[in-house]
Amino acid sequence: MKTQKRTWAIVLIAAGMLMLLGRWISPLSLVALLVLCYGIYTLRAGRISFGYKALAIGMGLLLLDHIVMLLGGLLLSVGIFYARARELHEGRPYGRRLEIASQLHREHEAWVPEPVSLWHLVGDLNCDFSLALPAEPDTVIHLQGVIGDADLTFPEEYGLELDVFLGYGKVSFDGKGRSGMLNKFVWRSPGYELSEQKVRVVLAYAAGDVTIRMN
C-alpha cells in the first residue's frame, strides 16, 4: 500500500511538471525528469546503487537536451570550487585535482592524508582515518562534484569539523541520518581548537550519500 502511494505521488509530480513546463521543455527533457524522479524514489526506498545510476542516466539525458545550460552549470561549479579551495587552504600547499570519476579507498592499510581539494563528476570515497599517519597537525579535505558517495571514519580523539551540503541525498553522522533536498550538515567536535590532530572536511555534491562516523 505504501509503495502504491509513492508510485502515485511520482505520477502526479510528473503530470504536474508536464502541465507547468510542457511549453518550454522537449519530450527528451520530460523523460529525463521522469528518470530523475524514479532515481529519487529508489534512493528513498533504500536501493542506493540503482538510485544513483538512475540519477546519472537522467542527468545524461538532460545533458543531451540542454548541453549549453549544463555546461554552464559545470563551469560555474568548477569556478566555485577553485575559489573555495583557495579560501579553505589559506595559502598553504595542497593537492588540487579535477577528474571525471574518482575512486579513493583507504580502509585496509596505513596511509598518509594530505591537504587536498578534489572536484569530480562522480566520486566514490571510503577512508578510515584510524589507519592514517598524519604528516601535519591540521588537514583540510575538500571534495566537490556532481554525484558523490563518501564513507569516512575518524578516531574519537581527532578534532573534527564538518561542512556537508547535498542538493539531494542523505547525510549520516554517528548512526543518525537525514535525507532530503538542500541537505546541509555542519558540526564541530568539542575541544576542537585544543586537539593535537585536526581534520576539516568540506563536501558539496548535487546528489550524494555521505556517511561519517566516529570510531
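**Aromatic pairs, a pocket and the fold around them**

In this predicted model, the count of aromatic pairs comes to five. One of them joins W111 and F129. Their rings meet edge-to-face, at 5.0 Å centre to centre and with 70° between the planes; an angle over 60 degrees is what places a pair in that class. The pair links distant parts of the chain, since W111 sits in the loop between β1 and β2 while F129 sits in the loop between β2 and β3, 18 residues apart. Both W111 and F129 are buried.

Another of the pairs is formed by F173 and W187. Here the arrangement is tilted, with 4.7 Å from centre to centre and 45° between the planes. An angle of 45° is neither under 30 degrees, the limit for stacked, nor over 60. F173 belongs to strand β4 (residues 159–173) and W187 to strand β5 (residues 176–188), so this pair ties together parts that are 14 residues apart in sequence. How much of each partner is accessible? F173 has a relative accessible area of 13%, and W187 has one of 26%. The limit for buried is under 20%, so F173 counts as buried, whereas W187 counts as partly exposed.

The W111 and F129 rings also belong to a wider group: together with F154 they form one aromatic cluster.

These details can now be placed in the overall fold. The protein has four helices and six strands. Read from the N terminus, the order of elements is α-α-α-α-β-β-β-β-β-β, with the helices ahead of the strands. The chain has 215 residues, and 41% of them count as buried. Of the contacts between residues at least 6 apart in sequence, 63% join residues at least 24 apart. The accessible surface comes to about 12400 Å². Carbon and sulfur atoms account for 63% of that surface.

Where can a look at the helical part begin? One place is T42, which lies in helix α2 (residues 27–44). With 0% relative accessibility, T42 counts as buried. Apart from neighbours within four places in sequence, T42 is in contact with R47, F50 and G51. Y52 is 10 residues from T42 in sequence, and the C-alpha atoms of the two are 8.6 Å apart in space.

Between the helices and the strands comes P93, in the loop between α4 (67–89) and β1. At 73% relative accessibility, P93 is above the 50% limit and therefore counts as exposed. P93 and E114 are 21 residues apart in sequence, yet their C-alpha atoms are 9.6 Å apart in space.

E114 leads on to a pocket. The second largest pocket has a volume of about 310 Å³. Of the 17 residues that line this pocket, the closest to its centre are R97, L104, W111, E114 and V116. W111 therefore has a part both in this lining and in the edge-to-face pair described above. Which strands contribute to the lining? β1 (95–106), β2 (116–128) and β3 (138–154) each supply at least two of its residues. By class, the lining holds 13 nonpolar residues, one polar residue and three charged residues.

Further along the chain, strand β4 also contains S172. S172 has a relative accessible area of 13% and is therefore buried. Leaving out neighbours within four places in sequence, S172 is in contact with G177, V210, T211 and I212.

The last point concerns backbone angles. Most residues other than glycine have a negative phi. Two residues to look at here are D174 and L182. D174 is not a glycine, but has a positive phi of about 55°. The residue is placed in the loop between β4 and β5. At 45% relative accessibility, D174 counts as partly exposed. L182 is not a glycine either, and has a positive phi of about 45°. L182 is found in strand β5. With a relative accessible area of 64%, L182 is exposed.

Conventions: Residues are numbered from 1 along each chain as its sequence is written. This is a predicted model: local features need pLDDT of at least 70, side-chain atom pairs count only at pLDDT 80 or more; totals for chains, interfaces and linings use all residues. Side-chain values use heavy atoms; hydrogens and water are left out. Buried means under 20% relative accessible area, exposed over 50%, partly exposed in between (1.4 Å probe, protein chains only). Contact means heavy atoms within 4.5 Å. Accessible areas come from the Shrake-Rupley method with a 1.4 Å probe; for residues, only the protein chains shown count as cover. On a 1 Å grid over the protein atoms alone, a cavity is a set of points where a 1.4 Å probe fits but cannot get out, and a pocket is an open set with protein on both sides within 12 Å along at least five of seven lines; lining residues have an atom within 4 Å of a point. Grid points are joined across faces, edges and corners, and a volume is the space filled by probe spheres set on the points. Ala, Val, Leu, Ile, Met, Phe, Trp, Tyr, Cys and Pro count as nonpolar, Asp, Glu, Lys and Arg as charged, and the others, Gly among them, as polar. Rings of Phe, Tyr and Trp (its six-membered ring) pair if their centres lie within 6.5 Å; planes under 30 degrees apart count as stacked, over 60 as edge-to-face and the rest as tilted.
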